[in-house]
Each structure stands twice: as structure tokens, then as C-alpha cells.
Amino acid sequence: MKQKVCFMLAALLLLALIAVATRQFVVTDASKEASTLNSEVTTSPSETIPVTAPSVTHPSAPLPTVPSILPPTVLPTIPSSVPPTVPPTEPWENVRMVTHDPQRILEQTYTGLPGLPCIPYYVTDPDNLRNLKTQRVNFSFGVASNGRPNQITVNNQAYFDRLGFDTLTWDNRTQGKVLYLTFDCGYEYKNLAAEILDTLDEKNVSAAFFCTLHYLHSSTKNVTRMILDGHIVGNHSATHPSDPSALSRETLAWEALGVHNYLRANYGYESRYFRFPAGVYSENALELISSVGYRSVFWSIAYADWDPANQPDKNVALDTLKSRLHPGAVILLHATSPVNAEILGEFIDYCRSEGYEFNSLDAYPNW
């Protein structure tokens, strides 16, 4: 009997020991699992994924390196148009990068202002899959009279406003008799731009000068003075193409970017106004220029002044401009005209005597 009791006690003791050992194993294993769930499992030298919330990350493609004339600590200005952060949902949302490095980069800019780094443009819908109109339009403004813009000008501004592009031909928003004085500068002729700048300084008038890449490169003294005197330097394209409407979206972006980056790198200046060469455009071209951050500026008053070898009589030119004045007018003159340089002061005085004031393009309220 004693033997049977002892055997039973031994068996119970053995079962108890097995249970304790099993419990210890389960607790230890559970602790290890809990510890693992609160840690990170390394899947590669550069990526760690939490075990409790595995996920896949799709980082955006890195931006292309932007050349800079400044120390690395200086951040570049964000481009006017930037690459998409999500894949396109429509074919036309495809984006291509356009670059145009300046011909010359200085350690010190012509103006003495800090140089700005070159930027790329990101052209949306480079193949025009939206079928924006590419038909050539030769800008026409009609002849203003009796203090009113021609109906062609009125219709032009209504059309531009309806399209929703930042485009000005006539200020129909500002109350009062305001004028915008602008000059086209394709090349220098007898340093007339300096005479024009002298007159503007004397009369305290702000103007806008639309310059080609050739002009920026060859007339550095006058461009520097335009900027430092507080005038606007606009973009008149790199090569002054005869038909901008015939250019692809990428090529037209390249034309604008050539001037844009040259001004940034060599003058420390950011341009935001564009004038189509010869006033030739299309709906597609207008949209492209707007999409890269530019405002297009046409005109409502002009006359045949561009050929220095075929200039009108001084009095005829002055009377022509006077007769076409109207509130909100954008006046186009060419800096290659000897007559313009001669009559500018008298014309400004006449405008003011009629109650007009000269505004900067920056003041236009519908940008």
C-alpha cells in the first residue's frame, strides 16, 4: 500500500514539474513576440518597416539638379511650374522639363544684386493633347479716338478675360485716367534707350521695357539702369521668332526661359511679363505662357515707329499719339525710334495736362 501511495505522489510531482516548465516556456515565448511587435525589422540598409503596420512607400522622383551661381546655402526660387507629385490621370497631364542655361554667368551681376539660380520649366501637355487652338492670330487693336478704345481693343480684352489667362491689352478695371507706358527693345540703336531713361527719370514716370536675349546681352548698361531705376524689364523672347504660334509648347517655353534665366543669372532680376514678338499668338501659346508663370502684355495704342530709317515727322508722331489717348491705354513704343526719344518728354507733359497718370504694370488690378 505504501508503495502505491509513493508511486502516485511521484507521478503527481512529475506532472507538476512538467506544467511549470511548460508555463515558463509559453511566457518566455510570448514576451519575445511582444518585444518583436514593438520593434522594427530591417528589410534593407535604407528602409525599415514596422511589423505592426507594414506599408509600401512610393517616394516622388527627385527634382533635377538646378545649376546655381550662388553658394549652396542659398535656396533657389521655386520654379513657376513644378512637376506633379502624383501620376497623371489624363494623357495631357504629362509633363516634360525644359531647360535653357544662360550664355554667361557672372560671379557678380551687372546690377550688383545677388544672382539668382537658373530654373527649369515643367511644360504640361507638351504634345497639346487637349487640342488647344494653334491657329495664328495677328494681334490687332484698331485706332482709338475721342478718348475711347477701339471696339477691337474692347473685344480683345473680353476674349482674354474669358479665356482666364493673365493677359492685358487695355485696363478696363481701374477707375480714372491711367496709362501704361511700354517699350520694345530688340536691339540698341544710337543708345536711344539711355535718352529715354533720362526723360523718364526727369518726369518721374515708370515704364516697362520688353527685351530680347540679344538686347540683354549687348546693352547691359541700359538694362542695368532700367532695373535699378525701378522700371520693369519684360520678356520679349530669346530669338524673337516671327511666328510664335507655330512653335511647339516646349520650344515656346524655351524661348521664354532663355530670357528668364539670363535675367536671373546675370542681373539678379525676376521677370514676370511677356510680350509676343510681332504680337503673333495662338490660344495654345497664350495658355503655355500663362502656365509657366508669365503675364502677357499687348497694347491698345501704337504707331509705325519701329524702323529708324523710316521715321514720321515729329509733330505727326506727337499728334498721332495724342489723338489715340484713352483711359486704361497700354502704349507701345519702340526704343529704336529717334522720334520717340525726341517727343517723349512733351508727350508725357501733354498726358498729365489732360488728367492722365502713368501706372506700373504691377498696379493692374486684374492680375
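Tutor: Let's start with a term: a cavity is a set of grid points where a 1.4 Å probe fits but cannot get out, and a lining residue has an atom within 4 Å of one of those points. Keep in mind that we're looking at a predicted model.

Student: Okay, what lines the second largest cavity?

Tutor: Pro 244, Ser 245, Leu 247, Ser 248, Arg 249, Leu 252, Ser 282, Asn 284, Ala 285 and Leu 288. Two elements give two or more residues each, namely α6 (249–267) and α7 (283–291). The biggest share comes from α7, with 3 residues.

Student: What makes one residue of that lining count as charged?

Tutor: Asp, Glu, Lys and Arg are the charged class, and Arg 249 is in the list. The full split is 5 nonpolar, 4 polar and 1 charged.

Student: How do you know how many cavities to count, and what is the number?

Tutor: The count takes cavities of 30 Å³ or more, and there are 2. The largest has a volume of about 40 Å³, and the second largest about 30 Å³.

Student: Which residues line the largest cavity, and what classes are they?

Tutor: Tyr 180, Leu 181, Thr 182, Ser 206, Ala 207, Ala 208, Ile 232, Asn 359, Ser 360 and Leu 361 do the job. By class that's 6 nonpolar, 4 polar and no charged residues. Strand β7 gives the most, with 3 residues.

Student: Then why is the volume of about 480 Å³ called a pocket?

Tutor: A pocket is an open set, with protein on both sides within 12 Å along at least five of seven lines, whereas a probe in a cavity cannot get out. The 480 Å³ volume, an approximate figure, belongs to the largest pocket, so we put it under the open kind. Of its 23 lining residues, the closest to the centre are Asp 184, His 240, Ala 278, Trp 306 and His 334. The elements giving two or more residues to the lining are β7 (178–185) and β13 (329–334). Its class split is 13 nonpolar, 8 polar and 2 charged.

Student: Is Asp 184 buried or exposed, and how do you know?

Tutor: Its relative accessible area is 7%, and the cut-off for buried is under 20%, so Asp 184 is buried. This residue is found in strand β7. Leaving out residues up to four places away in sequence, Asp 184 touches Phe 210, His 236, Arg 275, Leu 332, Leu 333, His 334 and Ala 335.

Student: What makes β7 and β13 a pair?

Tutor: The rule asks for at least two bridges, and 6 join β7 to β13, therefore they pair; the two run parallel. Take Phe 183: its bridge partner in β13 is Leu 333.

Student: How do you know which faces of β13 are covered?

Tutor: In a regular strand the side chains alternate between the two faces of the sheet, so you check each side in turn. On one side Ala 329, Ile 331 and Leu 333 are buried, and on the other Val 330, Leu 332 and His 334 are too. That puts 6 of the 6 residues of β13 in the buried class.

Student: And what about β9, on each of its faces?

Tutor: Both faces are covered there as well: Ile 232 and Gly 234 are buried on one side, Val 233 and Asn 235 on the other. Strand β8 (residues 208–211) runs parallel to β9, and 4 bridges join them. In β9, Val 233 is the bridge partner of Phe 209.

How values were computed:
Residues are numbered from 1 along each chain as its sequence is written. This is a predicted model: local features need pLDDT of at least 70, side-chain atom pairs count only at pLDDT 80 or more; totals for chains, interfaces and linings use all residues. Side-chain values use heavy atoms; hydrogens and water are left out. On a 1 Å grid over the protein atoms alone, a cavity is a set of points where a 1.4 Å probe fits but cannot get out, and a pocket is an open set with protein on both sides within 12 Å along at least five of seven lines; lining residues have an atom within 4 Å of a point. Grid points are joined across faces, edges and corners, and a volume is the space filled by probe spheres set on the points. Buried means under 20% relative accessible area, exposed over 50%, partly exposed in between (1.4 Å probe, protein chains only). Contact means heavy atoms within 4.5 Å.
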